[in-house]
Amino acid sequence: MKKRALIVIMLVLLAGISLAQEKFSLVLTGSALMPQDSNYKTVYSKTIFFPELRLAYALGGDFFVFGSYGLLSASGTTPIFQSAAKSTQHFISAGAGYAGPLSGDLGFEIAAGLFLAAYKETVEDTAVTGSTIGFRADAALRYSFSSTFFAQLGLGYLTGSDTVDGTSIKVGGLRAGLGIGYKF
Amino acid sequence: MIFKRMPYRLGLLAGSLLVLAFLGQALYADVALLDHRHVRNQQIKLEKLLKRHPGSGVRGSHNVGGQGFVMPMATGSEPLIDNDGMKWFINTNITFSTTSSASGAMSEAEYTHAVAASTLGGGTASSTLNDAFDGYNTLAVSDVETMGPPRTGSYYIFYNKNGPAFVEGNGRQVDFPIQTLWGTDTQDAARVEGKGPQVDWPSMQIWRKVFVPSDDAFARWLNFFKNVTDTPLSFNVFIANNLGSDSNTRITGSSNGDMISDLTDTWVGTMQNFSGTTSSDPREAHVLQGNGAVPVPLIVNHFVNGDDNPYWAYTLTIQPGQTACLMNFCVLKPTIAAAAGAAGPLAALTNAHALDFMTTDEKAQVKNFNLSSQYWLTVKSTAGGSTRPAGSAQYDADSIVRIQATPDPGYHFVNWTHGATGTTNPLNYRITGDSVVWANFSNLPPTVKITNPADGSYVNGPVTVTATATDDTSVVKVEFYIDGSLRFGDSTAPYAYDWNALLETVGSHAIKAVATDTAGATGSDQITVQITNISVSMTGSRQVEQAWVVRREYAALTVHVSNAGGAVVQKYVLYRKAGSGAYASVKELTPAQVGSGVTINDGPLTKGVVYTYKLTAFVGGAEVAVSNEVAI
């Protein structure tokens, strides 16, 4: 399942690149992510910096498809023994969206897709890794500085879950971030 | 003396003197504290008179055997004539209780014919010497009196065993009955006239034998004493005398060659002093002890000029079951030199007839002459064992007796005491004299061991004191003492005492367990514990520390601590062991960190492995309290 989704995402990106001109955009977003997993929040933080790079391809009629990579990395301490803990979540996302004008240089976009989250947590000498597929939805206001550069302020929600040793964990969370983009 | 010269008036005088005798007896009995010497002398004169005239009809005896021996009669004396023609009158059934008229004593001795008696001028005169004694060799014993003279009205018991004597030694020896002394015996108590019953006198048997040879000239007294108690007896033996020489008694010599009697003399000579140039009494020599160092020497030798009541004494100690004998001789001769010449060989026992008709045992029993080549060995044992040999037996001097002590089941041999020392068993005992050897046995005590708490351990709160006890017989009970105070007795195993140490003061306390076996022997074990009254307990459960993805298990331990004694706790240490492994310290905690109800977390723990925890408290570097074990 995860493998298939990744293949689909890659095919879409390759198709866009090969067929379009100035129909690509690359957006680097820095977000503050508020994890939805309570344990995660206890060990690490309630707000984690979440950088993400997205490549989108405009389809006809203001629709686009995208692929992205984001990294969520944090360090913290365990609640009982205050042991050092470190976790990473690699989000590889693919989806589609719609970007429409609002007025003048201001526009908006909404998008949704799937992501593959590869995660790892290490506490002292104990490390657990895994991956899961989740759903994401994003919305943003876009301001175009030119025909090629733009900035956008957006919100997003990434949600996924997995079961580790019989215990359910959650990945992702509510994201609020600011990004800059380039069309080419 | 007047009666000797007036035989034809005998019948008349006898009747008169009988009246006097009865009066004398009545007076004697009624006024015991008075001096009845006059009355007693009258009785003695009466006896003399009767003895010399057996056919008077007042009392009777008859001659048998042609040697002057007279068969015993109900009351009277037995005359035996030696080969000098001296007739010795031996009291066999005297009814008078006086110092000079006891059974076995001589009431008189006289020649049956005239002899060549010495005179003051050195010559001789033919004379039928007589009146040697008014009473001679009366036997008395006392465990109180030490100096004499023996007398009625004081703490002396006289041998006066009434009843017919029988004879042995071809009719030459009168064998007197056994008189048993016993403190509660009214007969013997009555001998202590004027003093009441002598209730503390131990049991002893006394008998006498008086021998007059037909082929020699002397008389011999054998005085026997047998200890029939279980303990050695020590007492004084006195020989009381009343010589016929009366106030004219004179010392004529002694074995030391002087005219003074002393304790080293073996014999003393006496006579009635010359009246004019002659003396009508026989010359006497009194043989009191043997030559050289004798086992039982004289302690009193009292002869005084002018005193016709000489006496002498010995201190005799006899072992249980032992019989001892004191031997005396008396020689009566016409001259002082002859008496002295006969006394010496008797003291030296070189007289060929001195020991006639004495058995081997009797010779060995003689203590005041160097006669015994054997000694008594008495082997006794305490309860719990026996010896071989046991009891009393005689052994040759300087011989070795092997004594084996054998304990009964449940007992053990302890040691030898009294005449021997040490613990060597069997004992090779050398016979050097009369002796008593005790083998001491003791019951094997039970063994007891306090198994809980451990010696030197710390006690906090109630604890069950347990002990094991074993014995070769059976343990009756185990008693538990705290600081010397009996707290509890348990008669059934397992022996235990639930001790609430919370009621004790903090500090050192002694716990003692005393086991008693069926024979009453006890064994004990004692330990010392320190009471701190610090109580530590824990509860716990296995918990999970959830990071985000990582889950780690740990132990959540809730500690409960009480310190009733107020001891200063140094630290608490948490120990953990995995599975059946050994405990290892995992945490050290300060008292501030360990309050009652505090939870201590320990981890992470390996899944599937059971961990066991305990918490200990330390005071002054010592582990004083340990919690329960918690397995999670």
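P453(B) sits in the loop between β29 (447-452) and β30 of chain B, with strands taken as DSSP runs of E of at least two residues, helices as runs of H or I of at least four, both numbered from the N terminus. The peptide bond that joins N452(B) to P453(B) is cis, with omega about -5°. A second cis bond runs from R388(B) to P389(B), with omega near 0°, and P389(B) is in the loop between β23 (385-388) and β24 (391-396) of chain B.

All of this comes from a predicted model, in which local features need pLDDT of at least 70, side-chain atom pairs count only at pLDDT 80 or more, and totals for chains, interfaces and linings use all residues. Residues are numbered from 1 along each chain as its sequence is written, while chains are lettered from A and ligands numbered from 1 in the order in which they are written. The model scores ipTM 0.86 and pTM 0.45. For chain B the mean pLDDT (the predictor's confidence in each residue, from 0 to 100) is 81, and 81% of its residues reach 70 or more. Residues 1-75 of chain B stay under 50, and residues 184-199 of chain B are also below 50.

Most residues other than glycine have a negative phi, and most peptide bonds are trans. Q82(A) goes the other way with a positive phi of about 55°; its place is the loop between β3 (63-77) and β4 of chain A. Q82(A) is exposed, with 9 other C-beta atoms within 10 Å. In chain B, D131(B) has a positive phi of about 60° and belongs to the loop between β7 (124-127) and β8 (133-142). D131(B) counts as partly exposed, with 19 other C-beta atoms within 10 Å. The cut-offs here are 20 or more other C-beta atoms within 10 Å for buried, 12 or fewer for exposed and anything in between for partly exposed, with C-beta atoms placed from the backbone.

Turning to the inside of chain B, the largest nonpolar core (buried Ala, Val, Leu, Ile, Met, Phe, Trp, Tyr and Cys residues joined through C-beta atoms within 7 Å) has 79 residues, and W88(B), M106(B) and L346(B) are among those with the most contacts inside it. Strand β21 (residues 323-333) of chain B gives the most to this core, with eight residues. Helix α4 (residues 336-348) of chain B has 13 residues and should span 18 Å at 1.5 Å a residue; its end C-alpha atoms are 19 Å apart, which agrees. That expected span is 1.5 Å times one less than the number of residues. The buried residues of α4(B) include A338(B), A342(B) and L346(B), and the buried set packs against β16 (249-254), β17 (267-272), β18 (283-287) and β21 of chain B. Just after α4(B), L349(B) has a positive phi of about 60°.

Chain B also has an open sheet of five strands in the order β30-β36-β35-β32-β33, with mixed pairing. β30 (458-459) and β33 (485-490) of chain B are at the edges with a single partner strand each, so one side of each lacks a neighbour in the sheet. β32 (475-482) and β35 (507-517) of chain B pair antiparallel over seven bridges, where pairing takes at least two DSSP bridges. Y481(B) has K512(B) in β35(B) as its bridge partner.

As for the two chains, their contact (C-beta atoms, placed from the backbone, within 7 Å) takes 19 residues from chain A and eleven residues from chain B.
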